[in-house]
Amino acid sequence: MLPKSVLIHCQPTLEDYLTDNNIPWSFSEQHGFDEIDAVVDDIPYEILRGDYQDPDEQLCEHYGIDYNQVNCIEAVY
């Protein structure tokens, strides 16, 4: 894990995807089985499509995580 990681709070429907893709996750300490917390390495933001793309969307796209099932993303140092 890089020193700069990202915590993705997402819907529990992503459990199988995260497990199948070896993305570390756990059930939320605050929300229990209603939310999953996944930890991934941060990636540098790049303009890929020729226009602005939300960095959070780009991060999820990089890891193949459905952004529509993400509740919140926060940096972990």
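A residue counts as exposed when its relative accessible area is over 50%, and as buried when that area is under 20%; anything in between is partly exposed. Keep those cut-offs in mind, and remember that the model you have open is a predicted one.

**Stop 1: the whole chain**

Start with everything shown as a cartoon. You should find 2 helices and 4 strands, and if you walk along from the N terminus the elements go β-α-β-β-α-β. Now zoom out a little. The C-alpha atoms fit in a box of roughly 40 × 25 × 20 Å along the principal axes. The radius of gyration is 12 Å, which agrees with the value near 11 Å that a compact globule of 77 residues would have.

Switch on a surface if you like. About 5,100 Å² is exposed, with carbon and sulfur atoms supplying 50% of it. Buried residues make up 30% of the 77 in the protein. As for contacts between residues 6 or more positions apart, 55% of them link residues separated by 24 or more positions.

**Stop 2: strand β1**

Select residues 5–10, which form β1. Is this strand buried or exposed? Its 6 residues out of 6 are buried, so β1 is largely enclosed by the rest of the structure. Turn the view to look at each face: S5, L7 and H9 sit on one side, V6, I8 and C10 on the other, and both sides are covered.

Next, bring in the neighbours. β1 runs antiparallel to β3, with 6 bridges joining them, and β1 also pairs with β4 in the antiparallel sense over 6 bridges. V6 is a handy residue to click on here. Its bridge partner in β3 is V40, while in β4 its partner is A75. Click on S5 as well, and you'll find D41 of β3 standing opposite.

**Stop 3: the hairpin**

Now select β2 (25–28) and β3 (32–41). These two make a hairpin with 3 residues between them. They pair in the antiparallel sense over 4 bridges, and one pair to pick out is S26 with its bridge partner D37 in β3.

**Stop 4: a loop residue, N22**

Step back to the loop between α1 (15–20) and β2, where N22 is found. What is the phi of this residue near? N22 has a phi near 55°, a positive value in a residue other than glycine. With a relative accessible area of 68%, which is over the 50% cut-off, N22 is exposed.

**Stop 5: the nonpolar core**

Time to go inside. Show side chains for I8, C10, L18, I65, V70 and I73. The largest nonpolar core has 14 residues, and these six touch the most other members. β1, β3, α2 and β4 (70–76) each supply at least two residues of this core.

Keep L18 selected and look around it. Leaving out residues up to four places away in sequence, L18 touches C10, I23, W25, I36, A38 and I65.

**Stop 6: two residues of helix α2**

Select 55–63, helix α2, and pick out Q58. Q58 is buried, with a relative accessible area of 4%. What does Q58 touch, not counting residues up to four places away in sequence? Around Q58 you'll find I43, P44, Y45, E46, L48 and Q53.

Slide along to Y63, also in α2. At 22% relative accessibility, Y63 counts as partly exposed. With residues up to four places away in sequence set aside, Y63 touches Y17, I23, V40, D41 and I43. Try a distance label between the C-alpha atoms of Y63 and N21: they are 8.8 Å apart in space, although 42 residues separate them in sequence.

**Stop 7: the salt bridge**

Finish with K4 and D42. Side chains of opposite charge can pair when their charged atoms come close. Here the side chains of K4 and D42 meet in a salt bridge, at 3.7 Å from N to O. K4 lies in the segment before β1 and D42 in the loop between β3 and α2, so the pair ties together parts that are 38 residues apart in sequence. How many salt bridges are there in the count? The count comes to 1.

Check the surface around each partner before you go. K4 is partly exposed at 38% relative accessibility, and D42 is partly exposed too, with a relative accessible area of 25%.

Notes. Residues are numbered from 1 along each chain as its sequence is written. This is a predicted model: local features need pLDDT of at least 70, side-chain atom pairs count only at pLDDT 80 or more; totals for chains, interfaces and linings use all residues. Side-chain values use heavy atoms; hydrogens and water are left out. A salt bridge is a side-chain nitrogen of Lys or Arg within 4 Å of a carboxyl oxygen of Asp or Glu. Buried means under 20% relative accessible area, exposed over 50%, partly exposed in between (1.4 Å probe, protein chains only). A nonpolar core is a set of buried Ala, Val, Leu, Ile, Met, Phe, Trp, Tyr and Cys residues joined through side-chain atoms within 4.5 Å. Contact means heavy atoms within 4.5 Å. Two strands pair if DSSP finds at least two bridges between them. The radius of gyration is taken over C-alpha atoms; the globule rule is 2.2 Å times the number of residues to the power 0.38. Accessible areas come from the Shrake-Rupley method with a 1.4 Å probe; for residues, only the protein chains shown count as cover.
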